[in-house]
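User: I would like to walk through a protein chain with you. Please keep the answers short.

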Amino acid sequence: SSVTRRCRILFAGLPDYRFVFCIRTDTIALIMKVLFFTYDFPYPTTSGGKVRSYNMLKYAGKGAEIFLFSFIRPGFQTEHTEALKKIGISHIEVFPRRKVRDIRNIGALLPGDSIFKTLYFDRKVAARLRKVIEQEKIDVLHFESFYTAFYMSQTYAALGVKQVYGSENKEHALYEDYVKYNAPLLLKPGFRLQAQKIKREEESIVKQADVTLAVTESEKEYFQTLTKHPVVVIENGISHDEFSYKPRQKKAEKIILFVGNFDYFPNASAVKFFYDEVFSKITDQSVIFSIIGKKAGSLGLDTDKRVRTTEFIKDIRQAYYEADVFVSPIQIGGGTNFKILEAMATGLPIVTFSDRVKDIGAKNMQDVLTADNAQS
């Protein structure tokens, strides 16, 4: 055979692309081609999902040729692609996501597809995906998140392409919790129907995938009940080079900190719960509630002089070093909260519901302080 001939790659069901190789007549060469598909552009890393996507690209990309397809939101800046080129991602294509208020989304109210399939699945994007797969002879499709996995297809399996589902949590459980805790009474039936559609779609995705990636062991156990294919845990993590311990300085005011993207309803719900049920009952006027993240100003809490909202901070580490307590009152959703890991690494004490830290093995009164209700 010609030494330039492309080899057939045997995929062993392993999510670590660095160790997949083929044998040619003259050498052993790493030529794995991976197309990574994200629901939002992975930079800047302003949310947990974007942090995970960025690091998956950064570390899985060693020894493989990575292609990136990504949906983008309003405000996307083309210079963000430079950050990905620096970590070796040179093939990048972006697609505007349909707006939530688009009239075409009305179909999600009927039996059939969920609102998310209506939002994210676009036939033109699907056609472009297939063209790149065939032209570039892609070996692995990595769908990072439930929202891009709608593009998974038996057509690609027939072409010999292996498909990886990178779950970030049990998606249907997130929306079941929303129905339970947040949905207005009159709208509960509609939201419950959406949660049922999402569960059905999520189960179908896991069954199709050659490999499913889970964030925690408990989520792995659930996914493994749906498929005979491998389910592998890829835990979230942070860099100790970036987030390191630093002693706190004594000061007159005491800062309670929460960090998150408030486009994400579990974060917005958590902050409002904490303010209404906990912070508003603290009478010490020297205690400050600092809320940092996208759309923090839209929470409507600025009228309280003890509440400080910041939409963006260049170096989030400074906020951790200045705070006295990090609070994570999130009740909805799964996965692992990156902000808890960052706060732990900087030595900032954490108060959270016990469910939020059980999968990282954090112990109450040793690593964190856990609570079971607003009073505690």
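User: What percentage of the contacts in the chain with a separation of 6 or more comes from residues 24 or more positions apart?

Analyst: This is a predicted model. Its secondary structure comes to 11 helices and 15 strands. Among contacts with a separation of 6 or more, the share from residues 24 or more positions apart is 63%.

User: What share of the residues in the chain is buried?

Analyst: Buried means under 20% relative accessible area. The chain has 376 residues, and the buried share is 48%.

User: Is Ser53 buried or exposed?

Analyst: Ser53 sits in helix α1, residues 48-60. Leaving aside neighbours within four places in sequence, Ser53 is in contact with Phe36, Thr38, Pro42, Glu144 and Glu168. Its relative accessibility is 1%, so Ser53 counts as buried.

User: Which element supplies the largest share of the largest nonpolar core?

Analyst: In soluble globular proteins, nonpolar side chains tend to be buried together. Here the largest nonpolar core has 40 residues, and Leu35, Phe37, Phe116 and Leu129 touch the most other members. Several elements each supply at least two residues of this core, including β3 (33-38), β4 (65-72) and α4 (123-136). The largest share, five residues, comes from α4.

User: Which residues does Leu35 touch, not counting those up to four places away in sequence?

Analyst: Leu35 is one of the core residues that touch the most other members. Set aside residues up to four places away in sequence, and Leu35 touches Phe67, Phe69, Leu129, Val132, Ile138, Val140, Leu141 and His142.

User: How far does helix α9 reach from its first C-alpha to its last?

Analyst: Helix α9 covers residues 265-277, which makes 13 residues. Its buried residues include Pro266, Val271, Phe273 and Tyr275. What covers the buried residues of α9 includes α6, β10 (254-259) and β11 (287-292). At 1.5 Å a residue, a span of 18 Å is expected, and the reach of α9 is close to that, at 18 Å.

User: Why does Leu187 count as partly exposed?

Analyst: Leu187 lies in the loop between α6 (171-181) and α7 (188-208). Partly exposed means between the cut-offs of 20% and 50% relative accessible area. Leu187 counts as partly exposed because its relative accessibility is 46%.

User: What is the area of the nonpolar surface patch that includes Leu187?

Analyst: The chain exposes about 19500 Å², with 53% supplied by carbon and sulfur atoms. Leu186, Leu187 and Phe191 make a nonpolar surface patch. The area of that patch is about 330 Å².

How values were computed. Residues are numbered from 1 along each chain as its sequence is written. This is a predicted model: local features need pLDDT of at least 70, side-chain atom pairs count only at pLDDT 80 or more; totals for chains, interfaces and linings use all residues. Side-chain values use heavy atoms; hydrogens and water are left out. Patches are made of residues with over 30% relative accessible area and no salt bridge: like charges are joined within 9 Å, nonpolar side chains (Val, Leu, Ile, Met, Phe, Trp, Tyr) within 5 Å. Accessible areas come from the Shrake-Rupley method with a 1.4 Å probe; for residues, only the protein chains shown count as cover. A salt bridge is a side-chain nitrogen of Lys or Arg within 4 Å of a carboxyl oxygen of Asp or Glu. Helices (H or I, at least four residues) and strands (E, at least two) are DSSP runs, numbered from the N terminus. Buried means under 20% relative accessible area, exposed over 50%, partly exposed in between (1.4 Å probe, protein chains only). The expected span of a helix is 1.5 Å times one less than its number of residues. Contact means heavy atoms within 4.5 Å. A nonpolar core is a set of buried Ala, Val, Leu, Ile, Met, Phe, Trp, Tyr and Cys residues joined through side-chain atoms within 4.5 Å.
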